[in-house]
Each structure stands twice: as C-alpha cells, then as structure tokens.
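Q: Could you take me on a close look at one part of this structure, starting from a single contact and working outward? I'm new to this, so please go step by step.

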Amino acid sequence: MHIRRDDTVEVITGEDRGVRARVLRVNRRKRQAIVEGVNRVYKHLRRSRRNPQGGRLEIEAPIDLSNLKLVCSKCDKGVRVGARIEDDGTKHRVCRTCGADLGEL
Ligand SMILES: [Zn+2]
C-alpha cells in the first residue's frame, strides 16, 4: 500500500484527471481512497422527518488506488513509488524518478 492518509496525490484517470488533492481516507481492504474534491457524486436523500424536502448531497465517492499517483514534491508530479528499508529497519517510500524519500511506509 503506497498511499496513505494526508498524502497529496494526482488523479491519473477519469473526469478528475490531473487534479491534485489530499487523501482523506484509505480503505486498504478495497484498495480505494477518498480524495478531497475528487470523484464527487450526488447522494440523493429520501424525504424524512428531518429532511422533509429530500434533496441531494454532494459527496466524494471512493476512487481506486490504481487511479492515483503519489506526488513527489521534488519532481512536482505524480510518480511511481518504490520502497527502501533504512538502516534503522524502517520502511520508507522513495520516488522512482529522483530517489527522494517520500516518508515512512
Ligand atoms: Zn521525485
């Protein structure tokens, strides 16, 4: 899993292609993420006592992790990510393009 909460990612497919935004949530099991402002859909609300008119709510739908790339701050673009084990035993993500350290895995 190369993408975590609070990462900045670039969307590489779909309507929001090219958009950069922050990851709000990651679902590891489904390999999907909720990304701020990306993949917005209308959720339609049934009429209820609290909401007598019904209506619709704009929310972010989950997007598949394979449609996202982590943004390398050095390259300033979405990049492929590799992993490296540091001398202290921690796993770090590295940019495949420039080798920059992209934080702990
Ligand atoms: Zn880079």
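**From one contact outward**

A: Let's start with a pair of side chains: in this predicted model, His92 and Asp101 make a polar contact through their side chains, at 2.8 Å. His92 belongs to strand β10, which covers residues 91-95. Is His92 buried or exposed? His92 counts as buried, because its relative accessibility is 16% and the cut-off for buried is under 20%. Setting aside neighbours within four places in sequence, His92 is in contact with Gly82, Ala83, Arg84, Glu86, Asp101, Gly103, Glu104 and Leu105. So Asp101, the polar partner, turns up in that contact list too.

Now go to the zinc ion. Which residues hold on to it? Its protein donors are the SG atoms of Cys72, Cys75, Cys95 and Cys98, and they lie 2.2 to 2.3 Å from the ion. Along the sequence, these donors follow the spacing C-x2-C-x19-C-x2-C. What arrangement do the four donor atoms make? It's tetrahedral, because the angles they subtend around the zinc ion are 105 to 113°, and four donors count as tetrahedral if all angles lie between 85 and 135 degrees. For a yardstick, the ideal angle for four tetrahedral donors is 109.5 degrees. Two of the cysteines can be compared by how covered they are: Cys72 counts as buried because its relative accessibility is 0%, while Cys75 is partly exposed because its relative accessible area is 23%.

Cys72 gives us a way into the strands. In β8, the bridge partner of Cys72 is Lys77, and the bridge partner of Val71 in that strand is Gly78. Those bridges belong to the pairing of β7 with strand β8 (residues 77-79), which is antiparallel and has three bridges. The two strands form a hairpin with four residues between them, and in the turn Asp76 has a positive phi of about 60°.

On to β7 itself. This strand spans residues 68-72 and is mostly covered, with four of its five residues buried. β7 also pairs with β1, again antiparallel, through three bridges. Leu68 in β7 is the bridge partner of Val11. Where do these strands sit in the bigger picture? They are part of an open sheet of six strands, in the order β6-β3-β2-β1-β7-β8, with antiparallel pairing. β6 (63-64) and β8 are the edge strands, each pairing on one side only.

Next comes the nonpolar core. As a general point, nonpolar side chains in soluble globular proteins tend to be buried together. Here the largest nonpolar core has 17 residues, and Val9, Val35 and Leu68 touch the most other members. At least two core residues come from each of β1, β2 (20-27), β3 (32-35) and β7. β7 gives the most, with three residues. To see one of those well-connected members up close, take Val35: beyond four places in sequence, its contacts are Val9, Ala21, Arg22, Val23, Leu24, Glu60, Ile63 and Leu68.

Let's finish at the start of the chain. Ile3 lies in the segment before β1, and it counts as buried because its relative accessibility is 1%. Beyond four places in sequence, Ile3 touches Val9, Val23, Val26, Leu65, Leu68, Leu70 and Arg93. Ile3 and Leu102 are 99 residues apart in sequence, yet their C-alpha atoms are 10 Å apart in space.

Asp7 sits in that segment before β1 (8-11) as well. It is buried, because its relative accessible area is 8%. What does the side chain of Asp7 meet? One of its polar atoms lies 2.7 Å from the backbone nitrogen of Arg4, and a 2.9 Å polar contact joins the side chains of Asp7 and Arg93. Leaving out neighbours within four places, Asp7 contacts His2, Ala21, Arg22, Val23, Leu70 and Arg93. Arg93 ties the last two stops together: it is touched by Ile3 and contacted by Asp7.

How values were computed
Residues numbered from 1 in each chain as written. Predicted model: local features only at pLDDT ≥ 70, side-chain atom pairs only at ≥ 80, totals over all residues. Heavy atoms only, no water. Donors = N, O, S within 2.8 Å, 3.2 Å for Na, K, Ca; no water. Tetrahedral: all angles 85-135°; square planar, octahedral: opposite > 155°, others 65-115°. Buried < 20%, exposed > 50% of the residue type's maximum accessible area, 1.4 Å probe, protein only. Polar contact = N/O pair within 3.5 Å; in protein donor to acceptor, adjacent residues only side chain to side chain. Contact = heavy atoms within 4.5 Å. Pairing = 2+ DSSP bridges. Core = buried A, V, L, I, M, F, W, Y, C linked by side-chain atoms within 4.5 Å.
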